[in-house]
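Trainee: I am new to this structure and would like a close look at one part of it. Could you walk me through how the helices pack around the nonpolar core?

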Amino acid sequence: MSLFTSKFKLQRVKESKVLKLLTTADSAKATGYDKIPNKLLKIAAPYIYQSLTSMFNLSIETNTFPNELGIAKVSPLFKAGDHNDKDNYRPISVVPTVSRIFKRIICEQIYTYLNINELFNPQQSGLRALHSTATALLDLANEWCFNIDRKMVNGVVLLDLKKAFDTVKH
């Protein structure tokens with residue numbers, strides 16, 4: 001399929017999709033500011049999935065996102081080094097499970113659109129099924145070997161981005 005064959009538009013959510021996501025929610029995940037545990041949502045799933053589906057579809061139809069679902073519980077997570085140095089912590093945002101379910105539905109639709117319309121760069125490995133840092137390294141190593149066979153020189157610059165996001169003011 002050629003690029004941009006169709007305009008992206010969010011599709012209505014099916015009740016079966018919401019029910020499946022509710023019943024497969026990870027009970028070990030942290031609760032958001034709403035303090036509703038995933039275990040409770042799993043138990044209540046047969047009774048609440050229709051209402052949640054209606055809410056998600058209304059959000060899609062009106063192009064709005066409920067403010068309450070965007071509220072996150074932010075906690076510092078220690079990385080390494082001195083516990084007294086604030087730069088050794090990174091913020092972790094935990095949103096309510098209902099928000100995570102809606103985000104997953106939207107992400108799947110966007111991902112499907114990008115895949116069908118071949119909008120991913122073939123070399124992109126991140127955030128793609130069957131692609132990883134290992135596949136990226138294999139592609140690079142293959143390219144380097146190919147260059148060596150053709151008597152070419154490989155120039156490589158490697159960056160350690162371990163603390164790249166520490167430079168961002170949160």
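Mentor: Happy to! One term first: a helix axis here is a line fitted to the C-alpha atoms over the stretch in contact, and the angle between two axes runs from 0 to 180 degrees between their N-to-C directions. Please keep in mind that this is a predicted model.

Let's begin with α1 and α3. Their axes come within 10 Å and cross at roughly 125°. An angle of 65 to 115 degrees would count as roughly perpendicular and one over 145 as roughly antiparallel, so α1 and α3 are oblique to each other. Their crossing is right-handed. On the α1 side, the contact is made by K17, V18, L21 and L22, and on the α3 side by I101, R104, I105 and E108. Sorted by class, these residues are five nonpolar and three charged, with no polar ones.

Now turn to α2 and α3. Here too the axes come within 10 Å, and they cross at roughly 55°. That angle makes α2 oblique to α3. The crossing in which α2 passes α3 is right-handed. From α2, the residues in contact are N38, L41, L52, M55, F56, S59 and I60, and they meet T97, V98, R100, I101, F102, I105 and I106 of α3. In this contact, 10 residues are nonpolar, three are polar and one is charged.

With both pairs in view, you can look at the core itself. The largest nonpolar core has 16 residues, and V13, V18, L22, L52, F56, I101 and I105 are those with the most contacts inside it. The elements that give it two or more residues are α1 (15-23), α2 (38-62) and α3 (97-116). Of these, α2 supplies the largest share, six residues.

F56 is a good place to zoom in. Setting aside its neighbours within four places in sequence, F56 is in contact with V13, V18, V98, I101, F102 and I105. Among these partners, V98, I101, F102 and I105 also appear on the α3 side of the contact with α2, while V18 is one of the α1 residues that meet α3.

For a contrast with the core, find P122, in the loop between α3 and α4 (133-149). P122 has a relative accessible area of 65%, so this residue is exposed, the cut-off for that being over 50%. P122 and E68 are 54 residues apart in sequence, and their C-alpha atoms are 38 Å apart in space.

Definitions and conventions
Residues numbered from 1 in each chain as written. Predicted model: local features only at pLDDT ≥ 70, side-chain atom pairs only at ≥ 80, totals over all residues. Heavy atoms only, no water. Core = buried A, V, L, I, M, F, W, Y, C linked by side-chain atoms within 4.5 Å. Buried < 20%, exposed > 50% of the residue type's maximum accessible area, 1.4 Å probe, protein only. Helix = DSSP H or I, 4+ residues; strand = E, 2+ residues; numbered from the N terminus. Contact = heavy atoms within 4.5 Å. Parallel < 35°, antiparallel > 145°, perpendicular 65-115°, else oblique. Left-handed = near helix turned anticlockwise from the far one by under 90°. Nonpolar A, V, L, I, M, F, W, Y, C, P; charged D, E, K, R; others polar.
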